[in-house]
Every structure is written in structure tokens, then in C-alpha cells.
Amino acid sequence: MKILVDRLSATPTALRFEAGSGWWQQHLPPRGDLPRELSQPFGIAISAHLMGEDLYLEGEIEGALEFECSRCLARYGHRLREAFRLVLEPAGSRIPADPEAVAALDRDGLCLGDEFETGWYRGGEIRLDSVCLEVISLALPVKPLCREDCAGLCAQCGADLNGGACGCKEARPQSPFDVLAALRGGEPKGAH
Ligand SMILES: [Zn+2]
Ligand SMILES: [Zn+2]
């Protein structure tokens, strides 16, 4: 996923990349709980242009990963569509304070600043793999759901309630009126 800076001009250049399971597994962040399989490869559309020496990138990443629903435990393809925007200045002879940024500038020809949207670039070739991974990681759900209104599993029998009610009686909390009625009914009769 490379951009050649010499090929860019003030007129936006449209670029398209595709990144499938091979790319994902090779670059998978070390966080162990991310899905390893994609149900749809990532398509990355980028518009790049130069303004003076500054490099402007606008991108959108689309794809789907195989997640397990946190309510019903079914595996499903979680669709992802995330836009990003970056403005990169030439690093020149400056050296980033953060050692990770120094490494990124060497490896990718670009490093991000404290705010995601700005950074520096160096040299004529920029690799976007790390940026795309970052965008994807930030867009992944903390609590994946196969659909917004997933009914989940019955707490008693474990049936998938998305397929309809399971027949278990809901344990309904007693209302205060039931409690009163029970008290009245329980009064000893003929005590007078
Ligand atoms: Zn579900
Ligand atoms: Zn049930």
C-alpha cells in the first residue's frame, strides 16, 4: 500500500487498494482478541494531493470481519466503513520525540502526531499499512452485535431468542400490589 509522492500534484489523485485476509493476518495488531478472518477484504479508496509541500490524504476503508455476537454468540460478518483524513508535512531534518514515531518514519516514510490527523512524511515513498490498521482498530466494536436489536440467548435454556420465544416463563418480579394482596389475604379471619 504505497503512495509515490513524486506522482502527486495539486490535483487530487484517486488511488484504490485492496487488502485481504493475508494482509490482515500479517499486520494483525498484537491485541489477542481481534478476529483473524475477514468476511470481506478491505477496500481502501484514497484521494491524495499536494498543497505546497504538504501532503493531503483523504481515505475511506470498507470491509467486514468475522466476529462473534456478544449476545447470541453467532458468528457474523461485521461490516466496517470508516473515513479518515491526514495532513502530512515534510519532516525535513526534524526527528520525532517519540521513538515509535522515529521507527514509523523510517519504516513507512510517515509518522503521526499526537492527533491522528496530522503527521510528517519523509522521502518519496509512503506506506499506508500502519495508518490503515490504526483506522481499522479504532473502528472495531468493543461489544460486537450481529444486529442492533439482537435478542440474545435465553438465560434459562440457552435458546437463541432471535428464532422466537423459547417457552420458558419469564421470572417476573412481584409488584407491590401483589405483596399487599397477599398480606390482606393472609390476615387471620375471625380474630375478633
Ligand atoms: Zn446476536
Ligand atoms: Zn428458554
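## Strand 1 and the overall fold

Ile3 has its place in strand 1, which covers residues 2–4. The model described here is a predicted one, and in it Ile3 is buried, because its relative accessible area is 2%, under the 20% that marks a buried residue. Along the chain Ile3 and Gly109 are 106 residues apart, and their C-alpha atoms are separated by 10.0 Å.

The protein contains 4 helices and 8 strands, and read from the N terminus these elements follow the order β-β-α-β-β-β-α-β-β-β-α-α. Of the 192 residues in the protein, 32% are buried.

## The first zinc site

The zinc ion (ligand 1) is held by four cysteine sulfurs, namely the SG atoms of Cys69, Cys72, Cys146 and Cys150, which coordinate the ion at 2.3 to 2.4 Å. The arrangement is tetrahedral because the 4 donor atoms around the zinc ion (ligand 1) subtend angles of 106 to 113°, and all angles must lie between 85 and 135 degrees for four donors to be classed in this way. In sequence the donor residues of this ion are spaced C-x2-C-x73-C-x3-C. Cys69 belongs to the loop between strand 4 (54–68) and strand 5, whereas Cys150 belongs to the loop between helix 3 and helix 4 (176–185), so this pair ties together parts that lie 81 residues apart in sequence.

Are Cys69 and Cys150 buried or exposed? Cys69 counts as buried because its relative accessibility is 1%, and Cys150 likewise counts as buried, at 4% relative accessibility.

## The second zinc site

The zinc ion (ligand 2) is coordinated by the SG atoms of Cys154, Cys157, Cys166 and Cys168, at 2.2 to 2.4 Å. The site of this ion is tetrahedral, with angles of 106 to 111° among its 4 donor atoms, and along the chain the donors of the zinc ion (ligand 2) follow the spacing C-x2-C-x8-C-x1-C.

How accessible are Cys157, Cys166 and Cys168, which are among the donors of this ion? Cys157 counts as partly exposed because its relative accessibility is 44%, and Cys166, at 32% relative accessibility, also counts as partly exposed. Cys168 is likewise partly exposed, with a relative accessibility of 31%; the partly exposed class takes in residues that are neither under 20% nor over 50%.

## Disulfides

Although cysteines supply the donor atoms of the zinc ion (ligand 1) and of the zinc ion (ligand 2), a search of the whole structure finds 0 disulfides.

## The largest pocket

The largest pocket holds about 810 Å³ of space and is lined by 30 residues, of which Glu100, Ala101, Ala104, Leu112 and Glu134 lie nearest its centre. By class, the lining of this pocket comprises 16 nonpolar, 6 polar and 8 charged residues.

Which element gives the largest share of the lining? That share, 6 residues, comes from helix 2. At least two lining residues are supplied by each of strand 5 (75–90), helix 2 (99–108), strand 6 (110–112), strand 7 (118–121) and helix 3 (129–139). Strand 5 and helix 3, both named among these contributors, also border the loops that carry Cys69 and Cys150, respectively.

Technical notes: Residues are numbered from 1 along each chain as its sequence is written. Chains are lettered from A and ligands numbered from 1 in the order in which they are written. This is a predicted model: local features need pLDDT of at least 70, side-chain atom pairs count only at pLDDT 80 or more; totals for chains, interfaces and linings use all residues. Side-chain values use heavy atoms; hydrogens and water are left out. A disulfide is a pair of cysteine sulfur atoms within 2.5 Å. Buried means under 20% relative accessible area, exposed over 50%, partly exposed in between (1.4 Å probe, protein chains only). On a 1 Å grid over the protein atoms alone, a cavity is a set of points where a 1.4 Å probe fits but cannot get out, and a pocket is an open set with protein on both sides within 12 Å along at least five of seven lines; lining residues have an atom within 4 Å of a point. Grid points are joined across faces, edges and corners, and a volume is the space filled by probe spheres set on the points. Ala, Val, Leu, Ile, Met, Phe, Trp, Tyr, Cys and Pro count as nonpolar, Asp, Glu, Lys and Arg as charged, and the others, Gly among them, as polar. Donors are N, O and S atoms within 2.8 Å of the metal (3.2 Å for Na, K and Ca); water is not among the atoms, so sites may look incomplete. Four donors count as tetrahedral if all angles lie between 85 and 135 degrees; four count as square planar and six as octahedral if opposite donors are over 155 degrees apart and all others between 65 and 115; anything else is irregular.
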